[in-house]
Amino acid sequence: MRLDEHKEFKPSPMIIPKPVEGQWKEGNYGIKPRPIGGEVDIEPLLEELEILADALEDLQSAEHADGREDSGEREEAPEGISQADSAGSEEGEGEEETGYIEKQFQSESTGEGKQDLGMEAAKDEGMPAISTDGEEQNPAVGAESTEGEEQGLKLKREFASRDSGPASDSRNTDKSQAGSAIRDEQEFEIDPVIGRWKEQRQEEQKRDPHPIPVVLELFIKKLEDEIGYKKSFDVVVREMTFGEKRTALFFLNGFAKDTVLTEVLKRLTYLQPEDLSTGVIHSFLELYVPAVQVARESDWDNMMTAVMSGATALYIDGESTLLMIDAKSFPSRQPEEPSLERVVRGSRDGFVETMLVNVTLVRRRLRDKHLRYEIMRLGDRTQTDICLAYIDDIADMELVESIRDKISQVKLDGLPLADKQLEEATVKRGWNPFPLVRYSERPDVVAVHLMEGHVAVFVDTTPSVMMLPTTFFDLIQHAEENRQTPFIGTYLRWVRYIGILASLFLLPIWFLFTLQPELKPPFLEFVGVQKAGRLPLVAQFLLAELGVDLLRLASVHTPTPLATAMSLIAAILIGDIAVQTGLFVNEVILYMAVSAIGMFATPSYELGLANRIVRLILIVAVAAFKVPGFMIGTTFLLIYLVVSRSFNRPYMWPFIPFDMQGLWSVIIRIPVLHNRTRPNMLKPQQRKRMPESNKK
């Protein structure tokens with residue numbers, strides 16, 4: 001709707017003052033223009049007005065010198081403009097004209113003199129001016145105004161409108177409301193990065209599609225040039241003739257589902273020429289291709305992308321449109337329980353490397369009509385499929401839009417490493433060791449997060465799913481806690497919390513008590529080194545940390561039958577012999593083992609690695625500065641976690657900002673029937689989790 005649609009139009013034309021270039025934004029519908037910023041130098045305008053005033057005096061003098069009778073009579077001024085008192089001399093005549101111009105602009109700046117604007121516009125067009133009362137004005141009125149006068153009028157009008165200030169408030173209410181709406185709209189600013197991306201996307205969508213050749217030979221030649229047909233062994237083009245129509249079936253050998261394509265070809269062999277007399281594409285699409293998903297395609301690039309994603313293209317000679325048959329079969333493995341998220345009770349299925357299988361596993365658990373799967377492609381060369389999953393009546397749509405924009409802004413050749421490269425390109429956490437997204441390979445965990453209001457990101461070719469946003473306390477929870485009773489689940493949760501805290505602070509605190517025994521309370525008198533080793537304690541800690549990491553890496557690359565043997569070698573030969581030779585003390589090995597167990601008990605593998613780095617930093621800080629080092633390091637860690645954000649959500653919620661209800665649900669595994677609200681950190685559209693009928 002136009003801003004002035006509610007106004008009553010009058011026959012008087014409207015003049016929009018031309019702004020001074022570089023200093024003013026153009027006004028809308030005569031509204032006073034707004035300055036871009038800074039002060040405007042008006043000295044050139046005043047000098048030009050003085051020159052125009054002198055020119056008017058000379059003009060009046062020349063007219064009187066030609067014998068114009070000085071009778072003191074004056075031309076009738078337009079309504080709404082006050083006239084100066086008459087003067088008998090030529091000098092008074094010139095002063096009167098100058099005062100007339102000034103008063104004319106003053107009246108216009110206060111909402112008067114609109115009639116004069118209409119008269120000026122009418123003079124420029126060579127038409128009779130029309131007053132606001134609907135009466136025609138004499139075109140001869142003011143005929144002696146020169147071009148210099150008109151320029152002066154425009155400049156003076158702009159100068160007066162700037163200085164009008166509060167006096168312009170006397171304008172009618174409709175125009176004020178319209179001006180306010182315009183100013184509000186102009187003051188709204190869009191993020192320049194998102195704005196540029198949207199412009200680029202619009203330009204890409206407006207590009208002209210690349211047509212498909214209408215001759216079969218040209219179609220084959222283009223396939224040879226672009227995709228390497230007859231060079232790449234997996235590129236297949238099957239040429240056949242059906243009903244005297246030459247066709248070509250274009251697909252990639254490893255992706256094609258031969259049973260479906262065989263049925264299609266079997267059906268097409270029964271075609272006769274009279275069956276394809278008119279509407280060949282329509283006949284093939286609607287009648288003769290027995291496939292579930294068939295669509296038309298007239299763009300060459302879209303066709304190539306679809307074929308490389310597993311589809312099959314059916315080309316018909318003489319047609320600029322072909323048919324895309326969704327007969328794909330990706331090589332994949334069967335769903336099995338994830339090795340990092342095992343549970344004693346619960347489902348044994350997990351995600352695989354095929355995205356279609358993964359979204360189906362979640363859909364099986366969430367039979368909700370509001371569950372949305374948005375497909376995107378990223379990577380100029382890989383064209384990796386990315387799926388954005390959310391429940392549209394629960395998830396915060398601003399969060400969904402933010403994640404969608406961040407993914408769409410990524411410009412890369414490809415994502416061969418799938419989700420980890422996508423996380424690095426979108427989250428942009430830099431050198432932050434703590435994970436800002438949560439990964440899961442369990443469909444039930446992803447379904448629970450979607451019902452809370454999270455957004456899940458599926459990436460093809462990986463079994464891990466990203467859940468956004470996340471917090472520090474989300475990363476230390478496990479599915480096993482919810483598979484047990486509330487009491488047992490709470491106990492398991494506390495045991496896990498103690499293990500995580502031990503992995504962070506046990507070694508630094510023990511090291512601090514060893515360096516300063518006076519800090520130990522009486523009941524911890526036994527803590528400390530009983531027998532000193534040959535190496536300093538800080539060196540023993542660092543070597544032990546590196547040894548644990550080396551063993552972990554070796555276990556990843558060691559075949560399963562040999563893993564047990566490697567564990568025995570690490571425990572007996574390395575640990576025991578290192579203590580007996582005096583390189584290590586028993587206490588270091590003991591506390592290092594407890595810290596390693598706490599790290600392995602952390603549900604998030606990425607968070608466990610980050611905690612290991614923090615533990616090393618605290619050990620070095622204690623060795624260098626003792627108590628101040630430990631206090632400063634711990635304080636810096638807490639502040640760093642508090643200021644971190646995951647997709648504009650606080651990373652330490654519900655601890656900071658404090659939320660008692662949310663913190664209680666972190667400490668205690670709340671029973672299902674009492675867990676009635678969703679986390680307010682996610683800003684869900686529906687805060688209540690349970691239907692009213694289930695509340696008691």
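This is a short talk on one pair of helices and one sheet in the structure above.

Keep in mind that the model is predicted.

I'll take the helices first. Two packed helices are described by the angle between their axes and the distance between the axes. Our pair is helix 17, residues 537–557, and helix 19, residues 586–600. Their axes come within 10 Å and cross at roughly 40°. An angle under 35 degrees would count as roughly parallel, and 65 to 115 as roughly perpendicular. Helix 17 and helix 19 are therefore oblique to each other. The crossing of these two helices is right-handed.

Which residues in helix 19 meet helix 17? They are V588, M592, A596 and F600. On the side of helix 17, the residues are L537, Q540, F541, A544, E545, V548 and R552. Sorted by class, this contact has eight nonpolar residues, one polar and two charged.

Now the sheet. It is open, has five strands, and pairs them antiparallel in the order 6-7-9-10-8. Which strands stand at the edges? Strand 6, residues 371–378, and strand 8, residues 438–440. Each of the two has a single partner strand, so one side of each is left without a neighbour in the sheet. On average, neighbouring strands here are turned by 25° against each other, direction ignored.

Let me end with strand 6 and its partner. Strand 7 covers residues 384–391 and runs antiparallel to strand 6. How many bridges join strand 6 to strand 7? There are eight. To find one in the structure, look for L378, whose bridge partner in strand 7 is T384.

Conventions
Residues are numbered from 1 along each chain as its sequence is written. This is a predicted model: local features need pLDDT of at least 70, side-chain atom pairs count only at pLDDT 80 or more; totals for chains, interfaces and linings use all residues. Side-chain values use heavy atoms; hydrogens and water are left out. Axes are lines fitted to C-alpha atoms, for helices over the stretch in contact, and angles run from 0 to 180 degrees between N-to-C directions. Helices (H or I, at least four residues) and strands (E, at least two) are DSSP runs, numbered from the N terminus. Angles under 35 degrees count as roughly parallel, over 145 as roughly antiparallel, 65 to 115 as roughly perpendicular and the rest as oblique. A crossing is left-handed if the near helix is turned anticlockwise from the far one by less than a right angle, and right-handed if clockwise. Contact means heavy atoms within 4.5 Å. Ala, Val, Leu, Ile, Met, Phe, Trp, Tyr, Cys and Pro count as nonpolar, Asp, Glu, Lys and Arg as charged, and the others, Gly among them, as polar. Two strands pair if DSSP finds at least two bridges between them.
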